[in-house]
Amino acid sequence: MKKQFFYLIAVLCSTCIFTACSDDDPYVAPTKVEMYTASNGLKYTYGGTDRTDITVLYTPDATDPQKATLTLSSLGSKRSENISSAPLLSPGNIVPGANELVIPVTLIPNANEALFSGNGETPFCTYRYNGSVSDAGLTIAIDQVTMKGAPIIEAKTYTDKSGLQLMYNDAPMLGKVITFTPNLENLEEATLTMQGAPLDISAIIEGIVPAADASTEVGLPTTGVFPGNVTFTLPIKISADNTFSGKSETEHCTFSYSGKITESTLKLAISDVKLKNAALAGLTLNVPYANEDFTLDPLHFVWESDTEVELFPGYGIPVSLIVSIALRMPTIPTDQVDEEGNPVSVSVTDMLPTALKSITFGIDGNISAVYVDIENGATEPTTSPLNIAQYIVNDDNSIQVFLNPAAIIYHSMANAPENRSRAVDMGEMIAQLMGIAMPLLTDGVPVQVSQNAEDNSMDIYLGTEFLVPILKCASPLFEDEDFINMLLEEMAKDPTFGSMAPMMGGALRTMPQIIDNTTKIELGIHFLKAE
């Protein structure tokens, strides 16, 4: 009996010992994938503030039970408030600039849970995390969030006057607008939307249109950064120092880019631009001088109309003939004098190759020109700046040219005569011209091309569809006697043209009918290809 009592005591002691050892066993973390939400065991805080719009996917390591991966994701961008106790969080963010966060953790188990803690980073910030996993669920807190730089978290628009520094193949490009739009759910992503800056012609119109008709602000749309694109949106990846770079393409060209953005500036360099259709790339065209019989003429001019120019009653000649004669007459004064000291004038036909020497089509879509700035007294040729005129090839017979409108409109309209017609509504005329100009400023000017292999020449000119609408806008001027008399007075002053002035009245008054009955008109330049 006594022996059995000792056996009973031994069994009880053993049970107590093993029970005590079992109570000291460490907690075993989940061995399968678990999804935690606010309604399913998740307690999440960011910067000391509870959040319920987060899910955490717990993934145990397949080989090491003390390791796991936590994937924090947002339930969506429904949260609208920002958390002020930590760096700015936008709706959908886990930490600034990231709507998903992957944290590898090392688990330190105790009796009832497994703890984890450490430091992490994204491209934009560093942070501290700590938490635990237990049978009751998962707790995780993120704090001590420190931004690495100063990311741009608001959409911003940059122009020439507000911080835009745009380079296109190593040359400055003006007159553009670029809008930066960050992805607030991922600050590594953003877009740059590029387009032309509206051209304000209010000051120009003010000098032509009566004050009662002039708008306080008239802005014409202009073409975009790349030839053939009015607007182009470029997705970019931004690093922590707000720089970006990469390669991309438009419908018409490929390119590389690099840049940096701040709150006040956007530096963007577009480089290695190459047209996809490079049929004209590298081609240089020279402007020839006319020969004596004009079988070689730098001007490409054709005008066919069913109505002739009436020089006097009962006698008319084709409009193309009289315009060709006028273009070849020395009507442009120069600073030179002849042997007798008389002023020397030249014709349009002679002036053209004297002023314009050649044009070159670049692989990047630029058209550059070698010219002599005669107006300012220059005698030596110079090359035009880049990014004033761009082009794309439509087909073998046409190209589209995209011009910098500021210089064209300023020089063609700002210096218009102060004499205003009393009979012609200039406001209406300007409105019609603007209606024609607006699509051309954005979509480009359609230019015709014809090549002649026999003499290695190329004619580049504006065609009938382009020129007739412009002529019809100007047609009312030739119905106004004030305007006609002003032209006749100017003709009479010219020593060469003056003798023809008396017979030109009928010709000018016939112009509306000539324009209405025009069947073909072409105006451009006859080039010779460079060797």
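Start by selecting Asn366: with 3% relative accessibility, Asn366 is buried, because the cut-off for that label is under 20%. What you have on screen is a predicted model, so read every value here as computed from that prediction.

**Stop 1: Asn366 and its surroundings**

Asn366 sits in a loop, with strand S28 (356–361) before and strand S29 (367–371) after. Now show side chains and pick Asn387 as well. The side chain of Asn366 comes to 2.7 Å from the backbone nitrogen of Asn387. To see what else is around, select the residues in contact with Asn366, leaving out those within four places in sequence: Tyr168, Thr360, Phe361, Leu386, Asn387, Ile388, Ala389, Gln390 and Tyr391.

**Stop 2: zoom out**

Switch to cartoon for a moment. The protein has 9 helices and 35 strands. Of its 531 residues, 41% are buried. If you colour by surface, you are looking at about 28400 Å² of accessible area, 55% of which belongs to carbon and sulfur atoms. Among contacts with a separation of 6 or more, 57% link residues 24 or more positions apart.

**Stop 3: the sheet S1-S4-S5-S6**

Go to residues 34–36 and you are on strand S1, one edge of an open sheet; strand S6 (100–106) is the other edge, and each of the two pairs on one side only. The sheet has 4 strands in the order S1-S4-S5-S6, with antiparallel pairing. Neighbouring strands are turned against each other by 20° on average, direction ignored.

Next, select 54–60 and 67–74. These are strands S4 and S5, an antiparallel pair with 7 bridges. To find your place in the pair, label Val56: Leu72 in S5 stands opposite.

**Stop 4: strand S18, two faces**

Select residues 231–237, which form strand S18. Which side chains along S18 point to the buried face? They are Phe232, Leu234 and Ile236. The other face carries Thr231, Thr233, Pro235 and Lys237, which are not buried. Colour the two sets separately and the alternation along S18 is easy to follow.

Add residues 189–196, strand S15: S15 and S18 run antiparallel and are joined by 7 bridges. One bridge to label is that of Thr193, whose partner in S18 is Thr233.

**Stop 5: two residues with positive phi**

Keep going from S18 into the loop that leads to strand S19 (243–249), and stop at Asn242. Asn242 is not a glycine, yet has a positive phi near 65°. Buried or exposed? Asn242 is buried, at a relative accessible area of 8%.

Now jump to Gln144 in strand S10 (residues 137–147). Gln144, again not a glycine, has a positive phi of about 50°. Gln144 counts as exposed because its relative accessibility is 52%, and the cut-off for exposed is over 50%.

**Stop 6: the mixed sheet**

Bring strand S19 back and follow the open sheet of 5 strands in the order S13-S12-S21-S20-S19. The pairing here is mixed. Strand S13 (171–172) and S19 are the edges, each pairing on one side only.

For a detail inside this sheet, select 253–261 and 266–275. Strands S20 and S21 run antiparallel there, with 8 bridges between them. Label Gly259, and you will find Leu268 of S21 opposite.

**Stop 7: helix H8**

Select 481–493. Helix H8 has 13 residues and spans 18 Å from first C-alpha to last, close to the 18 Å expected at 1.5 Å a residue. Show the side chains of Phe483, Ile484, Met486, Leu488 and Met491: these are the buried residues of H8. Then add 501–516, because helix H9 is part of what covers those buried residues.

**Last stop: His526**

Finish in strand S35 (residues 518–529), at His526. Where does its accessibility put it? His526 is buried, with a relative accessible area of 12%. Select Asp459 too: a polar contact of 2.5 Å joins the side chains of His526 and Asp459.

To round off the view, show the residues that His526 touches, not counting those up to four places away in sequence. They are Asn286, Pro288, Leu296, Asp297, Pro298, Leu299, His300, Asp455, Ser457, Met458 and Asp459.

Terms used
Residues are numbered from 1 along each chain as its sequence is written. This is a predicted model: local features need pLDDT of at least 70, side-chain atom pairs count only at pLDDT 80 or more; totals for chains, interfaces and linings use all residues. Side-chain values use heavy atoms; hydrogens and water are left out. Two strands pair if DSSP finds at least two bridges between them. Axes are lines fitted to C-alpha atoms, for helices over the stretch in contact, and angles run from 0 to 180 degrees between N-to-C directions. Buried means under 20% relative accessible area, exposed over 50%, partly exposed in between (1.4 Å probe, protein chains only). A polar contact is a pair of N or O atoms within 3.5 Å; within protein, one must be able to donate a hydrogen and the other to accept it, and residues adjacent in sequence count only if both atoms are side-chain atoms. Contact means heavy atoms within 4.5 Å. Accessible areas come from the Shrake-Rupley method with a 1.4 Å probe; for residues, only the protein chains shown count as cover. The expected span of a helix is 1.5 Å times one less than its number of residues.
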